[in-house]
Amino acid sequence: MAQVMLVERREEAEEHEVVLDQSIFHPQGGGQPNDRGRIRGPNGEAVEVSGLRVDSASGVLYHRVAGTSPLPFGIGDEVRLELDAALRRLHARCHSAGHLLDTVLAGLGEEVKGPQSLVPGKGSHSPGSCYVEYHGVVPA
């Protein structure tokens, strides 16, 4: 359970942003996409969390809810958070696969990768676009 601290209706983006006193949702970071799920109001009606945003200055986590219709909860209400656990497990597996790839490449001997190490650059652990870029030279 969490308590609703703030609800902001953002007409221009056709969404609401909801701040809770605690959250089970993880925002995007480290190449891993943000969680998805639902916020269920006191009457049992649920809305989909379509995205998350962290305010860089305050660290506040905003839960994005698509649409401008009134939400089934308001400030001060106790709500139930429901995580899309299957999606989080998929994100975790993709994230772990990126680290596994990095560990394997880091363990290659000099006879395979030459005297210069392959240095990991940017990467993504998003399903459908998992990758890690490396900089360096692999001898022919």
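This note takes up the cysteines and the largest pocket of a predicted model.

1. On disulfides, the structure holds zero of them. The pair to look at is Cys94 and Cys130: the cysteine sulfur closest to that of Cys94 belongs to Cys130 and lies 3.4 Å away, which is too far for a bond, because a disulfide is counted when the two sulfur atoms are within 2.5 Å. Seen from the other side, Cys130 is likewise in no disulfide, and its nearest cysteine sulfur is that of Cys94, at 3.4 Å.

2. Are these two cysteines buried or exposed? Cys94 has a relative accessibility of 13% and therefore counts as buried, whereas Cys130, at 42% relative accessibility, counts as partly exposed.

3. Turning to the open space in the model, the largest pocket has a volume of about 150 Å³. Its lining is made up of Gly30, Gly31, Gly98, His99, Asp102, Pro120, Gly121, Lys122, Gly123, His125 and Val132.

4. Which elements supply at least two residues each to this lining? They are helix H1, spanning residues 85-107, and strand E8, spanning residues 119-124. Of the contributions to the lining of the largest pocket, that of E8 is the greatest, at four residues.

5. As to chemical character, the residues lining the largest pocket divide into seven polar, two nonpolar and two charged. In reading this division, please keep in mind that Gly is counted among the polar residues, and that glycines such as Gly30, Gly31, Gly98, Gly121 and Gly123 are in the lining.

Note on methods
Residues numbered from 1 in each chain as written. Predicted model: local features only at pLDDT ≥ 70, side-chain atom pairs only at ≥ 80, totals over all residues. Heavy atoms only, no water. Buried < 20%, exposed > 50% of the residue type's maximum accessible area, 1.4 Å probe, protein only. 1 Å grid on protein atoms, 1.4 Å probe; cavity = no way out; pocket = protein on both sides within 12 Å on 5 of 7 lines; lining within 4 Å. Points joined across faces, edges and corners; volume = space filled by probe spheres on them.
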